[in-house]
Amino acid sequence: MKVSMPTIRSLTSIKAQLWLPGDPAARSRGGTEMGFNTIMVQLDVDSPAAQRASFALKLARQFEATLIGFAAADPYVFVPGMHGDLAAAEIIRQRSEEIEEHLKTLKQEFLSIVGDDASWREEIGDPTGLLATHARAADLIVTGAPTPSAADDHRRVVDIGTLILSAGRPVLLAADKLAPLDTTKVVVAWKDAREARRAVADAMPFLTNAQDVLVATIEEQNQRNARENISDVIRFLMRHGVKARSEVLGVGHADAGEAIAELARGMGAELVVAGGYGHSRVREWAFGGMTRSLIEEGSVNRLFSN
């Protein structure tokens, strides 16, 4: 059966017929059954495990995936002065013991929620760097915003921005409410860049199961170019059995990330897929406006890739 494609010039909103990933017709058109085989959920040492663990468990069950719990914290402290090294060593020892106790409690709580089918990993050290390293064992990393009291303490909680740019895996930043993720409707925040292309490919297990995928791009100087490149994305998704449509947003001087989040809320989408745009500046990561804004947007779930 031939599928007639709309021309680029006439493209304002493309809707593709839904072919279920498991349907033979879908496979004949390039659609494949996709999923996540292993999901790693990061837990904060100073926060209860229950909500984030339950969120990740439901996700793992949806994809019939193996679930791995992970937690880490860094006891490092700098004490200036003549006897600083000795004082720092003693403080680090005490803090390490404290962290070990927290990890023990967290592990017990996690396993009591997820059962024997899951596994557990813990380390003492930089939580962001260690999680990025352990990401080699998973298809997807699940994390969330730290509690307000611990948000600025990167020795005990993960720096989300650094994780996105260093993990080499898609990072699902859960919404603040941590309700079960409904991916019936998904928004893809598109920009014609490597990060967005990577995000679309990484999010395919979610996209192939969705009933409505809206690929949204921000109108810039050349609207025709925006429509042309977004049409390629729609056709790519169609060939993978994804029901997708497109929209070019004119936001003017408004915040692009807020516009995408508002679009998602307006259509009832609980997941936004986006590229993590940033670059290294000596000792920190500098982010583009959309990435920074979406990281801070806790009303929806966000999947980032870099």
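Here are some questions and answers about a predicted model of a protein.

Reader: What is the mean pLDDT of the protein, and what share of residues reach 70 or more?
Author: Let's start with the weak spots: residues 1–32 stay under 50 in pLDDT, and residues 281–287 are below 50 too. For the protein overall, the mean pLDDT is 83, and the share of residues that reach 70 or more is 78%.

Reader: How many residues of strand E7 are buried?
Author: Take the two faces in turn. On one side, Asp212, Leu214, Ala216 and Ile218 are buried, and on the other side Val213, Val215 and Thr217 are buried as well. The strand is therefore largely enclosed by the rest of the structure, and the count of buried residues is seven of the seven.

Reader: Which residue of E7 is the bridge partner of Val188?
Author: Strand E6, residues 185–190, pairs with E7 in the parallel sense over six bridges. E7 is also joined to strand E8, again by six bridges and running parallel; there, Val213 has Ala244 as its partner. Back on E7, the bridge partner of Val188 is Val215.

Reader: Is Asp212 buried or exposed?
Author: Asp212 sits in strand E7. Beyond its neighbours within four places in sequence, it touches Thr184, Lys185, Val186, Lys243, Arg245 and Met267. Buried means under 20% relative accessible area. Asp212 has 18%, so it counts as buried.

Reader: Which residue meets the side chain of Asp212 in a salt bridge?
Author: The partner is in strand E8, while Asp212 is in strand E7, and the two are 33 residues apart. With an N to O distance of 2.9 Å, the salt-bridge partner of Asp212 is Arg245.

Reader: How many residues apart in sequence are the parts that Arg156 and Asp46 tie together?
Author: The side chains of these two meet in a salt bridge, 2.6 Å from N to O. Arg156 is in the loop between E4 and H5, and Asp46 is in the loop between E1 and helix H2, so the pair ties together parts whose separation in sequence is 110 residues.

Reader: Where do Arg93 and Glu90 lie?
Author: These two form a salt bridge, with their closest N and O atoms 2.6 Å apart. They are three residues apart, about one turn, and both lie in helix H3.

Reader: How many residues of helix H4 are buried?
Author: The buried ones are Pro127, Thr128, Leu130, Leu131, Ala132 and His134. Their cover includes strands E1, E2, E3 and E4 and helix H5. H4 is therefore largely enclosed by the rest of the structure, with a buried count of six of the eight.

How values were computed: Residues numbered from 1 in each chain as written. Predicted model: local features only at pLDDT ≥ 70, side-chain atom pairs only at ≥ 80, totals over all residues. Heavy atoms only, no water. Buried < 20%, exposed > 50% of the residue type's maximum accessible area, 1.4 Å probe, protein only. Helix = DSSP H or I, 4+ residues; strand = E, 2+ residues; numbered from the N terminus. Pairing = 2+ DSSP bridges. Contact = heavy atoms within 4.5 Å. pLDDT = per-residue confidence, 0-100. Salt bridge = Lys/Arg side-chain N within 4 Å of Asp/Glu carboxyl O.
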